[in-house]
Amino acid sequence: MSIDAIQPLGAISPVSSMMNATGTSGSSADPAAGMNFGNMVAQGLQKLQDAQNTADNLAVEAATGRLTDVHDYIIAATEANLATSLTVAVRNKALDAFNEIMRMQA
């Protein structure tokens, strides 16, 4: 497997592309306005799963001797590790924000 076969995780779209003309994020009432938060999270988790699967497949190939370039596995494993770390950090920040909101007095 060559380095070209490894799919990139994708870039985070700029905030301006997620906003409509009024500066507010697209609501579920207007699905054409943009992607909702739930879909963004689902896509991010799917990309994380894909990266993990790629790293796992390359690890099996490396262990069985079918992988000719070990650096392909190292790159895929590092990419999967970074994606996992980012996902955990975002989850932790979201939980912190939720807990802070719950502590606010009405």
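Visitor: How does D72 count by its relative accessibility, buried or exposed?

Guide: This is a predicted model, in which local features need pLDDT of at least 70 and side-chain atom pairs count only at pLDDT 80 or more, while totals for chains, interfaces and linings use all residues. Residues are numbered from 1 along each chain as its sequence is written, and side-chain values use heavy atoms, with hydrogens and water left out. D72 is found in helix α2. Since its relative accessibility is 0%, and the classes are buried (under 20%), exposed (over 50%) and partly exposed (in between; 1.4 Å probe, protein chains only), D72 counts as buried.

Visitor: How far apart in space are D72 and L58?

Guide: D72 lies in helix α2. In sequence, D72 and L58 are 14 residues apart. From C-alpha to C-alpha, their separation in space is 7.6 Å.

Visitor: How many helices does the secondary structure of the protein have?

Guide: Helices (H or I, at least four residues) and strands (E, at least two) are DSSP runs, numbered from the N terminus. The secondary structure has zero strands. Its helices come to two.

Visitor: Which helix supplies the largest share of the largest nonpolar core?

Guide: The largest nonpolar core (buried Ala, Val, Leu, Ile, Met, Phe, Trp, Tyr and Cys joined through side-chain atoms within 4.5 Å) has six residues: A51, A55, L58, L67, A76 and A80. At least two of these come from α1 (37–64), and at least two from α2. The largest share, three residues, comes from α1.

Visitor: What percentage of the residues of the protein count as buried?

Guide: The protein has 106 residues. Its accessible surface (Shrake-Rupley method, 1.4 Å probe, with only the protein chains shown counting as cover for residues) comes to about 8,000 Å², of which 61% belongs to carbon and sulfur atoms. The residues that count as buried make up 11%.

Visitor: Which residues does T87 contact, leaving aside its neighbours within four places in sequence?

Guide: T87 has its place in helix α2 and, at 28% relative accessibility, counts as partly exposed. T87 and L45 are 42 residues apart in sequence, yet their C-alpha atoms are 8.0 Å apart in space. With contact taken as heavy atoms within 4.5 Å, and neighbours within four places set aside, the partners of T87 are L45 and L48.

Visitor: Which residue's backbone oxygen does the side chain of T87 reach?

Guide: T87 belongs to helix α2. The distance from its side chain to this oxygen is 2.8 Å. The backbone oxygen reached is that of A83.

Visitor: How far apart in space are G44 and T87?

Guide: G44 sits in helix α1, whereas T87 sits in helix α2. At 36% relative accessibility, G44 counts as partly exposed. The two are 43 residues apart in sequence, and their C-alpha to C-alpha distance is 8.3 Å.

Visitor: Which residue forms a salt bridge with E100?

Guide: Side chains of opposite charge can pair when their charged atoms come close. A salt bridge is a side-chain nitrogen of Lys or Arg within 4 Å of a carboxyl oxygen of Asp or Glu, and the count comes to one. E100 is partly exposed at 42% relative accessibility, and its partner lies three residues away in helix α2, about one helical turn. With the closest N and O atoms 2.9 Å apart, the partner of E100 is R103.

Visitor: What is the relative accessible area of M104?

Guide: M104 is placed in the segment after α2 (70–103). Together with F98, I101 and M102, M104 forms a nonpolar surface patch with about 470 Å² of accessible area. Patches are made of residues with over 30% relative accessible area and no salt bridge; like charges are joined within 9 Å, nonpolar side chains (Val, Leu, Ile, Met, Phe, Trp, Tyr) within 5 Å. M104 is exposed, its relative accessible area being 56%.

Definitions and conventions: Polar contact = N/O pair within 3.5 Å; in protein donor to acceptor, adjacent residues only side chain to side chain.
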